[in-house]
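Open the model in your viewer and keep the selection prompt ready. This tour moves stop by stop, with something to select at each.

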Amino acid sequence: MNQPLAYIHPEAKIATNVVIEPFTTISKDVEIGEGTWIGPNVTIMEGARIGKNCQIFPGAVISAPPQDLKYKGEPSTVTIGDNTIIRECVTLNRGTALDKNTTAIGNNCLIMAYVHVAHDCIIGNHVIIANGVQLAGHIVIHDHVFIGGTSAVHQFVSIGAHAMVSGGSLVRKDVPPFIKAAREPLSYAGVNSIGLRRRGFSNEQITDIQQIYRILFMSGLNTASAVEKIEIDLSPSAERDEIVNFVRNSGRGIIKGYQRDAD
């Protein structure tokens, strides 16, 4: 159902059952999948690739050029997976040639109002980003991450799968998987055990993850020595290997260990 008050470029590729509300603008080189709803006053610029059964709310700007002086107009995209919700006034910038020429958001995500996702960010599946979060360029967010409202994430940061970042955080370092991160400066605040149980992790798996992070953050060892101890002392598992690989491959270094609140 295409409203006569919407502008749709004739070269845009839009499935027949997409709903487009009034005063929306859709440029050329745009693809929109079946069952998607585009609300009023949405702007979808060149390079947008939007999946099936998505919802995009009023005021959102999808696939705007990067806010990056190195960008010279090269072709690039924003990709949004299936069943993803983009709320009011979200801005998603497309990629640059410095990375993979794309910004990507996975399936079943919820991007709440006033979030900014800069160029070359890669966001996994089942990610929730709360109101007002600001993501700089080249950030990687793995599956099942939650980022609390009004947080700001530094460029090139990675956030591991199943991590939970407290609202209002300044994320300057990489956040390993399966944990809660809070306080200022941002630091380890325990394993995200409630979230893991909701996603089917067993008590044994959660206990193993807790033991890994006791060694990594609470043993007094430096990061390299702690990783070696984890590999020597603990049996191999998917969770152990995911944590070890994340820490070893961290480009910015990981967040601080457990910090007690000051009295």
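How far apart do the end C-alpha atoms of residues 174-255 lie? Select that span and look at its two ends: their C-alpha atoms are 6 Å apart. By secondary structure, the span is 54% helix and 11% strand. An unreviewed UniProt entry annotates residues 174-255 as "domain: UDP N-acetylglucosamine O-acyltransferase C-terminal". Keep in mind throughout that this is a predicted model.

**Whole chain**

Now zoom out and show everything. The chain has 4 helices and 27 strands. Its C-alpha atoms fill a box of roughly 65 × 40 × 40 Å along the principal axes. The radius of gyration is 20 Å, which agrees with the value near 18 Å for a compact globule of 263 residues.

Switch on the surface. The chain exposes about 12400 Å², and carbon and sulfur atoms supply 51% of that area. Buried residues make up 48% of the 263 residues. Of the contacts with a separation of 6 or more, 32% join residues 24 or more positions apart.

Colour by domain next. Domain 1 takes residues 7-141, and domain 2 takes residues 196-257. Their centres, over C-alpha atoms, are separated by 34 Å.

**Stop 1: Cys54**

Start inside domain 1, which spans 7-141. Select Cys54, in the loop between β8 (48-50) and β9 (55-56). Is Cys54 buried or exposed? Cys54 is buried, because its relative accessible area is 1%, against a cut-off of 20%.

Then show what surrounds Cys54. Setting aside neighbours within four places in sequence, its contacts are Gly35, Thr36, Trp37, Ile80, Gly81, Asp82, Asn83 and Thr84. Draw a distance from Cys54 to Asn83: 4.6 Å, C-alpha to C-alpha, across 29 residues of sequence.

**Stop 2: His126**

Move along to His126, in the loop between β17 (122-123) and β18 (128-129). Check its backbone. His126 has a positive phi of about 60 degrees, although it is not a glycine. The side of the story to see on the surface: His126 is partly exposed, at 38% relative accessible area.

**Stop 3: Ser169**

Select Ser169, in the loop between β24 (164-165) and β25 (170-171). Ser169 counts as buried, at 5% relative accessibility. Which residues does Ser169 touch, not counting those up to four places away in sequence? Show Ser151, Ala152, Ala181 and Leu186.

**Stop 4: the loop between β26 and β27**

Two backbone details share this loop. Find Arg183 between β26 and β27. Its phi is near 70 degrees, a positive value in a residue other than glycine. Arg183 is partly exposed, with a relative accessible area of 29%.

Now step to Pro185, in the loop between β26 (179-182) and β27 (187-191). Look at the peptide bond from Glu184 to Pro185: it is cis, with omega near 0 degrees.

**Stop 5: helix α2**

Go on to α2, residues 203-218. Pick Thr207, which lies in this helix. Thr207 counts as partly exposed, at 44% relative accessibility. Draw a line back to Val191, 16 residues apart from Thr207 along the chain: the C-alpha atoms are separated by 9.4 Å.

**Stop 6: helix α3**

Select α3, residues 223-233. Ala226, Val227 and Ile230 are buried here. Look down the helix axis: the buried residues of α3 fall within an arc of 100 degrees, so they line one face. The spacing has a general basis. An α-helix has 3.6 residues a turn, so residues three or four places apart point the same way.

Turn to the other side of α3, where Ala224 and Ile232 are exposed. Then bring back the surroundings. The cover over the buried residues of α3 includes α2 and α4.

**Stop 7: helix α4**

Finish with α4, residues 238-248. Which residues of α4 are buried? Glu239, Arg240, Ile243, Val244, Phe246 and Val247 are. Sight down the axis again: these residues fall within an arc of 165 degrees, so they line one face of α4.

Last, show what lies over them. The cover on the buried residues of α4 includes β23 (158-159), α2 and α3.

How values were computed: Residues are numbered from 1 along each chain as its sequence is written. This is a predicted model: local features need pLDDT of at least 70, side-chain atom pairs count only at pLDDT 80 or more; totals for chains, interfaces and linings use all residues. Side-chain values use heavy atoms; hydrogens and water are left out. Domain bounds come from an automatic or database domain assignment. Buried means under 20% relative accessible area, exposed over 50%, partly exposed in between (1.4 Å probe, protein chains only). The arc is that of the directions from the helix axis to the C-beta atoms. Contact means heavy atoms within 4.5 Å. The radius of gyration is taken over C-alpha atoms; the globule rule is 2.2 Å times the number of residues to the power 0.38. Accessible areas come from the Shrake-Rupley method with a 1.4 Å probe; for residues, only the protein chains shown count as cover. UniProt positions are given in the numbering used here, feature names are shortened, and annotations may be inferred rather than shown by experiment.
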